[in-house]
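Hi everyone, thanks for coming along. Today I'd like to talk about charged pairs and enclosed spaces in one structure, so let me put it on the screen.

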Amino acid sequence: MTALHHVEFGVGTPLLALHGWTVDHRLMTGCLEPLFVTRPGYRRVYPDLPGMGKSPAESIASGDDLLAAVLDFVDEVIGGGRFLLVGESYGGYLARGIAAARPGRVLGLGLICPTGPIEPTERTVPPKTVLRPDVDLIAALDPIEAEEYTDVAVVQSPSTLRRFREEVAPGLSRYDRVAIDRIEPRRRLSVAPEDDEPLFASPALILTGRQDDTVGYVDQFALLPHYPRATFAVLDVAGHNLQIEQPDLFEALVAEWLDRVAAEGGH
């Protein structure tokens, strides 16, 4: 069993949040924790995926191995009860795998810029676009930081830079490059999450960015038949870090999803 480093806050209904590729749990705590300042009754659990953050990769060599490690974590840390599940980017892909592997246990599923097709060449994505540039801000940055920040920034501003530094950059600086190079070519799950039945019939939320040139927004439409209770939103002025670039709209939509889950006994 691969031990996963994690942080958690609060008590009550468990909520598991999975970050994306080569970052760490701070991507999820940064966007989700503000929602729970005035919303008690949830135990929020934020692991680092194997080979990322402080979680060792050990013998992990594929997407199937990653999913198995997270399922072991669910059984050990969350136990046998029901829980809410949120995933961002590749974490959204794994979250869909968890929902398929643990039918009936996921009270609600939230997907933030979820990965559709695994291989970038298979994705339908818009052209790279910067809608709100800040030339002076970028010019003042170290070249390496500037490259990482501008890679996905649709909105260049002091606030998005601050959150990039707090929530994204720490993970990018510490992941296990050897392990990720080993895993990445095989990160596709051998069984696609939506290949299994039954349909996921609990409240779901799928958020995409109109300017997301990493995973796009078109391919995610194909998920809708499998998630008949999903709210699907394409946010303008938002790229792959839509939670940073459209924080108010992000929090409103996630809050509404939590309300839907709670109204059906998921709290």
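**Salt bridges and cavities**

Let me begin with arginine 187: its relative accessibility is 10%, so arginine 187 counts as buried. Please keep in mind throughout that this is a predicted model.

What does arginine 187 pair with? The partner is glutamate 184, in a salt bridge whose closest N and O atoms are 3.8 Å apart. Glutamate 184 itself is partly exposed, at 33% relative accessible area. So here we have a buried arginine and a partly exposed glutamate.

In another pair, the burial is the other way round for the two charges. Arginine 26 makes a salt bridge with aspartate 24, and the closest N and O atoms there are 2.6 Å apart. This time the arginine is partly exposed, at 26% relative accessibility, while aspartate 24 is buried, with just 1% relative accessible area.

Now for a pair that spans the sequence. Glutamate 194 and arginine 96 meet through their side chains in a salt bridge, at 2.9 Å from N to O. Why is this one worth a look in terms of sequence? Glutamate 194 sits in the loop between α7 (177-183) and β6 (204-209), whereas arginine 96 belongs to helix α3 (residues 90-101), so the salt bridge ties together parts that are 98 residues apart in sequence. Arginine 96 is also buried, at 4% relative accessibility.

We have a network to show as well: Asp75, Arg102 and Arg105 are linked by salt bridges. And how many salt bridges does a search of the whole structure find? The count is 14.

Let's move on to the cavities. Two of them reach 30 Å³ or more, and the largest has a volume of about 60 Å³. Its lining is made up of Tyr149, Val152, Ala153, Thr160, Phe164, Asn241, Ile244 and Glu245. Two elements, α6 (158-172) and α8 (242-245), each give two or more residues to that lining. Sorted by class, the lining of the largest cavity has five nonpolar residues, two polar and one charged.

The second largest cavity comes in at about 40 Å³. Around it are Lys128, Thr129, Val130, Val152, Ala153, Val154, Gln211 and Asp213. Here the classes divide into four nonpolar, two polar and two charged. If you follow the names, Val152 and Ala153 appear in the lining of the largest cavity and in that of the second largest.

That's my tour, and I'm happy to go back to any part of it.

Notes:
Residues numbered from 1 in each chain as written. Predicted model: local features only at pLDDT ≥ 70, side-chain atom pairs only at ≥ 80, totals over all residues. Heavy atoms only, no water. Salt bridge = Lys/Arg side-chain N within 4 Å of Asp/Glu carboxyl O. Buried < 20%, exposed > 50% of the residue type's maximum accessible area, 1.4 Å probe, protein only. Helix = DSSP H or I, 4+ residues; strand = E, 2+ residues; numbered from the N terminus. 1 Å grid on protein atoms, 1.4 Å probe; cavity = no way out; pocket = protein on both sides within 12 Å on 5 of 7 lines; lining within 4 Å. Points joined across faces, edges and corners; volume = space filled by probe spheres on them. Nonpolar A, V, L, I, M, F, W, Y, C, P; charged D, E, K, R; others polar.
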